[in-house]
Amino acid sequence: MSMLMQENDILKSKLLQHETIIENALDAVVIFDQDLNFINGNAAAYHLFQLPKKELCKRSLFDFLSLVPKDEVNQLFTSNNGEELKSKEIVVYLDNGQVKFLEISLRKQAIDKYDLAIIKDISFKKNLERERTINEQLFKDLFHRAVDGIVIFDEEGKFIDANGSFCASFEINIAHLNTYILRDFIDRKELIKLDKLWSMLKESGKAKGELPVLLKNGHKKIFEFTTTSNILNGYYMAIMRDITEKRSMEMKLYKSEERFREIFENAIDAIMIWNKKGEILKVNQAASRTFELSEDELVTTNVLDFVDQDSESFKKVKEQYFETGAIREELLFHMPNGENKELEFTSKMNIMDGHHLTIFRNVSERKKMDKILRESEQKFRKIFDGAMEGIVLFNHSFDVIEANSNARRILNLAVEDMISVNLCSLFFTNLPEGELANDHSNYWEEKTQEITYRHVNGEEKTLEFSLKYNINENMNLAVFRDVTEKRELEEQLRKSDTLNVVGELAAGIAHEIRNPMTALKGFIQLLEGSVQEDFSMYFNVITSELSRIESIITEFLILARPQAIKYLQKNICTIMKETIDLLNAQAILENVQIKLSIEGDIPSIYCEPNQLKQVFINVLKNAIEVMQNGGQIDVCIKQRDEKHLVVSIKDRGTGISEDKIKRLGQPFYTTKERGTGLGLMVSYKIIEEHRGNVQVESEEGKGTTFHMTLPINQK
């Protein structure tokens with residue numbers, strides 16, 4: 001009995017040991033029934049499933065296999081031999097939401113009809129494997145997709161592997177990568193840098209810096225590198241970034257900064273850098289001169305110290321500046337010595353680190369000069385616009401720049417027409433091209449000349465004209481005035497004076513001639529009575545001619561004093577026939593034929609017959625005298641309209657130039673060598689007193705035609 005009790009005690013002791021071992025085991029030990037319901041388990045099992053013993057024993061393993069597809073769940077715990085299931089990995093989803101990876105070993109019917117399972121938590125191991133897989137994939141992606149060049153090389157510098165960026169930067173084919181070593185791309189002068197790289201790698205296992213590279217095509221590049229050792233099977237890995245362009249830009253930036261510094265220090269304009277509070281941070285020498293403080297003193301002041309912050313102009317500038325971030329304006333600045341200066345400034349906000357840049361220029365003197373210039377310009381403008389003469393400004397090409405109102409009025413041109421014309425085309429159309437611009441142009445500048453200006457409508461004006469060259473850069477001055485009326489008045493005055501002299505002379509001559517004419521007339525009458533033979537025809541001619549001379553003398557006196565003209569109604573054709581009969585003898589001697597043409601029925605007119613006969617005699621005698629080689633004189637009488645008729649006398653002489661035609665009728669002006677000019681003067685006077693007019697047409701070398709228009713009635 002004692003033996004049995006002793007064996008039971010031994011068994012109980014062993015069982016207690018086994019229970020203690022199982023309870024304290026690190027792995028979960030679980031007893032399942034045939035349907036994998038939890039029957040019992042150790043503390044590790046309850047901890048693994050995060051449930052108390054009572055709760056877990058109410059559950060089945062299948063409750064935690066929701067993440068395993070249903071078709072795989074039934075096959076998961078099927079054993080081939082029916083006794084022992086080899087270790088399998090399962091994924092369980094706990095009630096608290098945790099997902100765990102478990103390795104389970106199941107022994108069927110290990111304890112009577114119950115199955116025994118040992119479960120290990122391999123979640124940490126799985127996570128590590130997953131992270132390693134992900135890291136490997138990420139490394140591959142980073143290696144091949146990196147913008148920077150990545151190269152793996154051995155201790156001798158031989159390239160083992162490299163990404164596409166490295167091959168592109170070194171301009172080598174990846175298929176030939178293993179044929180190169182790092183030293184192949186280092187210039188001999190730079191090998192000392194490569195040696196330092198190897199030393200740093202051996203000492204600390206890593207190195208970084210810059211390495212100059214010489215490519216096979218001769219191009220040079222600079223790479224920034226980071227190198228680590230033993231990253232993979234004892235190889236080295238270097239990440240290399242091409243900073244050639246960066247270094248080039250840095251060099252350009254450095255040179256740009258140098259240039260800026262030179263400009264800043266040596267600029268003529270004042271330059272000032274200040275912060276958001278208005279505190280002056282940096283100034284150049286020009287700023288020191290402008291604000292009349294040393295550079296050290298200026299950087300201790302505030303930019304607002306120099307302006308009147310209460311002024312409306314400052315408030316407006318400030319508001320605009322903070323709205324736009326940049327401004328160009330002018331303000332009055334107060335200097336430390338009490339002087340005020342007008343400064344033009346350009347300011348830019350946030351040029352660097354939130355600072356402001358302002359460039360100042362002293363425009364005080366310019367303002368004064370502008371004011372003086374404006375006042376001077378206003379004075380000039382008043383004189384220019386108010387001048388009685390026409391004033392034109394033109395350039396060296398004689399293109400009109402500006403003209404005053406009187407110039408436009410005299411020339412009868414609008415503003416737009418005046419600006420678009422050339423001075424030569426206005427006044428000097430008869431001069432050879434370029435004559436005004438040659439050395440003789442001083443002739444026009446030294447004295448006032450008279451020129452004739454012809455309007456577009458044909459009207460002519462006489463202008464007094466003078467030029468002044470180079471009054472300003474590419475600017476000249478022309479001044480002219482209209483003296484047409486003045487010259488006409490002078491001409492009329494001159495004619496009046498001449499007529500006065502001629503009248504006085506005519507009165508004296510007529511008086512002296514009349515006395516002997518009276519004696520001759522008396523003696524002819526006595527002689528006619530005493531002569532017995534029949535000479536009546538001769539006496540009639542002598543008496544007629546003496547009467548004619550007396551009539552001419554009477555007409556001559558018209559110049560001396562007004563005459564009471566007695567108009568009679570006479571046929572002008574008869575008067576012309578009598579005149580032609582009188583001059584036929586002289587015409588025949590000169591081999592000239594006078595042909596009279598009368599168009600239509602010519603009415604009688606009110607006239608003084610003897611005066612008109614005198615006019616016709618004067619014109620016909622002139623026509624005969626100019627036809628030295630003979631020819632025909634055409635006389636035509638026709639009615640122009642209901643109130644006027646025209647007498648035309650056309651010769652075939654040498655003709656008269658246009659400038660001489662204008663002077664016909666002036667006293668003592670004649671185209672004949674021994675003429676006095678009194679004949680045409682008297683003729684013009686007679687036609688004028690008959691309320692008619694004389695027009696002359698002439699062509700040199702072909703002849704001249706006098707058209708005398710007379711009214712039919714003197715009413």
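Which residues line the largest cavity? The close-up views described below, all drawn from a predicted model, begin with the answer to that question and then turn to a second cavity, two regions of strand pairing, and several individual residues.

**View 1. The largest cavity and its lining.** Two cavities of 30 Å³ or more are counted in this predicted model, and the largest of them holds about 50 Å³ of space. Its lining is made up of Val151, Phe153, Phe159, Leu182, Leu197, Leu211, Phe225, Thr227, Ala238 and Met240. Two or more of these residues come from each of strand 6 (149-153), strand 9 (220-232) and strand 10 (235-242). By residue class, the lining of the largest cavity comprises nine nonpolar residues and one polar residue, with no charged residue among them.

**View 2. The second largest cavity and its lining.** The space in the second largest cavity amounts to about 30 Å³. Val615, Val619, Leu680, Ser683, Tyr684, Ile687, Val694, Phe706 and Met708 form the lining of the second largest cavity, and the elements that contribute two or more residues to this lining are helix 20 (609-626), helix 22 (678-689) and strand 27 (703-711). Helix 22 makes the greatest contribution to the lining of the second largest cavity, giving four residues. Eight residues of this lining are nonpolar and one is polar, while no charged residue takes part.

**View 3. An open sheet of five strands with antiparallel pairing.** The strands of this open sheet follow the order 17-16-20-19-18, and their pairing is antiparallel. Strand 17 (400-403) and strand 18 (449-454) are the edge strands, each of them pairing on one side only. From one strand to the next, the twist of the sheet averages 35°. The pairing of strand 16 (residues 390-394) with strand 17 is antiparallel and consists of three bridges, and Leu393 is found opposite Glu402 of strand 17.

**View 4. Strand 5 and its pairing with strand 1 and strand 4.** Strand 5 (residues 114-121) pairs with strand 1 (residues 28-32) in the antiparallel sense, and five bridges connect these two strands. In this pairing Ala28 stands opposite Ile119 of strand 5. Strand 5 also runs antiparallel to strand 4 (residues 99-111), to which it is joined by seven bridges, and here Ile111 is placed opposite Tyr114 in strand 5. Strand 4 and strand 5 together form a hairpin that has two residues between the strands, and Asp112, in the turn, has a positive phi of about 50°.

**View 5. Gln614 in helix 20.** Gln614, which lies in helix 20, has a relative accessibility of 10% and therefore counts as buried. The C-alpha atoms of Gln614 and Thr579 are 8.5 Å apart in space, although the two residues are 35 residues apart in sequence.

**View 6. Glu171 and Arg691, two loop residues with positive phi.** Glu171 is not a glycine, yet its phi is positive, at about 55°. The loop in which Glu171 is placed runs between helix 6 (164-170) and helix 7 (191-204). With a relative accessible area of 45%, Glu171 is classed as partly exposed, because this class lies between the limits of 20% and 50%. Arg691, which is likewise not a glycine, has a positive phi of about 60°, and it is located in the loop between helix 22 and strand 26 (693-699). Arg691 has a relative accessible area of 56% and so is classed as exposed, a term that requires a value over 50%.

**View 7. Cys57 and Cys607, two cysteines in a model with zero disulfides.** The count of disulfides in this predicted model comes to zero. Cys57 is partly exposed, its relative accessible area being 28%, whereas Cys607 is buried, with a relative accessible area of 0%.

Definitions and conventions. Residues numbered from 1 in each chain as written. Predicted model: local features only at pLDDT ≥ 70, side-chain atom pairs only at ≥ 80, totals over all residues. Heavy atoms only, no water. Pairing = 2+ DSSP bridges. Axes fitted to C-alpha atoms, helices over the stretch in contact; angles between N-to-C directions. 1 Å grid on protein atoms, 1.4 Å probe; cavity = no way out; pocket = protein on both sides within 12 Å on 5 of 7 lines; lining within 4 Å. Points joined across faces, edges and corners; volume = space filled by probe spheres on them. Nonpolar A, V, L, I, M, F, W, Y, C, P; charged D, E, K, R; others polar. Disulfide = S-S within 2.5 Å. Buried < 20%, exposed > 50% of the residue type's maximum accessible area, 1.4 Å probe, protein only.
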